[in-house]
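Please take a look at the protein shown below, and then follow the explanation from its overall make-up to its interior and its surface.

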Amino acid sequence: MADTALQLGIVGAYMIVALAVGAVAYRLTDRTAEDYYLASRTLGTVVLLFTTFATLLSAFTFFGGPNLAFSAGPEWILVMGLMDGVIFAVLWYVLGYKQWLVGKRHGYVTLGEMLGDRFGSTALRVVVAGVSLVWLFPYVMLQQKGAGQAIVGLTNGAVRFWVGAGGITLFMILYVALSGMRGVAWTDTLQGLFMLSLIWVAVAWVLSAVGGAGEATALLASEEPAFVGLGGGLYTPQYIISTAVSIAFGVTMFPQINQRFFAAGSKKVLKRTFALWPVLVLLLFVPAFMLGAWAAGLGVTVPEGGNVIPALLGEYTPTWFTALVIAGAMAAMMSSSDSMLLSGSSYLTRDLYRPLTGRSDASDEATDRREALVARVGVVIFATLSFVASLYTPGTLVQIGDTAFSGFAQLTIPVALALYWQGTTRSGMYAGVIGSQVFYGLHVFPILSTLGRLVGLDVALPTAYLGWTPGIVGILVGLVLTVAISLVTAPAATENRTAYAVTGIESD
């Protein structure tokens, strides 16, 4: 009982600190959408780097990835630690820099605003926002599911899953309502530094207890020989490439990440941040996933439905340190969730509420108050529904996260073409965005098989195409449809084909 109280006390203390930072940020935040959602586009290198980093530190990172390394080997590092880090860094500069340029010129806050203006289409704005919110749902649910599992593992079941997940959900709602991008970015920076330090201390503690990295790796080779060689099993070349590309492309279109492209203080900030990104990713994913892999050689027992990192630390580190690491991991989940809910509220109010109610983008005090209320109500409903879904949704954290990554990834190619190819038309965008989403959605959701059963047919789509995932094939479908339809259709009269001509800002 004393250990449980200590563990919960550490987690609770973190929440109090986060709320205090949010309260300070609230006092310094202007009552404007640009400041609330983008911190007035003033983020510097360190804060932009770590708020992006911490926003991506999720249940997928600290529990899903190490669990996969525990069950299938450490080659997962190639996916998340190396390939994904490099691919996203490139996309950060190629797409993020162009978005920053046009966002600074035109005052865009969301991806939907940018595309809607370029193609003179309110409907396209609504479609992009709707797609983004659909795929945001399972990823918010992933954080709640991971938080619930973490609390169960930390307290050895003394605190039930729904209590842990529900408590984190309530905290997220309160924090997002109180804070804004400024508060989120500040706490993200602290969380990123905190978690990065803790994971390396955890590695040092475990390795010192077992005799060093050489001994831990030798035990792994003895217990799981396949884990110390490349290839075989789950890690086929197609799987590795498909997963790395889907994750990197998906991360680029995550609302909470994509909006950070608009928030940079300058061109220099963007360049420094994307250059440092792969280094920071390796510093986190290598130790986290190697802990999962080494646990397989150390004979660590993971409870059914549990996670390997808490189980490993529970055997080799003191109770207080295990609680500290879990608090840090939960901080990572909350730093993802608060950013998701903040960005989701901007998509809800600016890209759905405004167009669907006929309100213009020009705002006044009354409109701002009304939209603030809509945003907060939307956050409560969204977070509550995802919490309920987390209680009943089967599947591992990796499966849930991969579903959301690949869903967002379908947007990347149409957006890139819109930014760089003036020949892209509104019809081409509709075809690329909707076509790729339908293709991928049919593979994720059992729509065809359900309809087939109704008429007595056994209809099933393949789970892979020559080893390539449906997510990757869907990206290619989006490319082909966007280009092909754009080539055979003329621009609509309302399209603003010069919207992204931003010469004059590049030297900023």
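**From the whole to the surface**

The protein exposes about 19,400 Å² (by the Shrake-Rupley method with a 1.4 Å probe, where for residues only the protein chains shown count as cover), and carbon and sulfur atoms supply 68% of it. This is a predicted model, in which local features need pLDDT of at least 70 and side-chain atom pairs count only at pLDDT 80 or more, while totals for chains, interfaces and linings use all residues. Residues are numbered from 1 along each chain as its sequence is written, and side-chain values use heavy atoms, leaving out hydrogens and water.

The secondary structure comes to 21 helices and 0 strands, where helices (H or I, at least four residues) and strands (E, at least two) are DSSP runs numbered from the N terminus. Of the 508 residues, 55% are buried, that is, under 20% relative accessible area, with exposed meaning over 50% and partly exposed in between (1.4 Å probe, protein chains only).

Turning inward, the largest nonpolar core (a set of buried Ala, Val, Leu, Ile, Met, Phe, Trp, Tyr and Cys residues joined through side-chain atoms within 4.5 Å) has 142 residues, and Phe-88, Met-114, Leu-115, Trp-277, Leu-291 and Met-330 touch the most other members. Helix α13 (residues 267-297) gives the largest share of this core, 15 residues. Leaving aside neighbours within four places in sequence, Met-330 is in contact (heavy atoms within 4.5 Å) with Val-11, Ala-147, Ala-150, Ile-151 and Ile-168.

At the surface, Val-163 is found in helix α8 and is partly exposed, with a relative accessible area of 38%.
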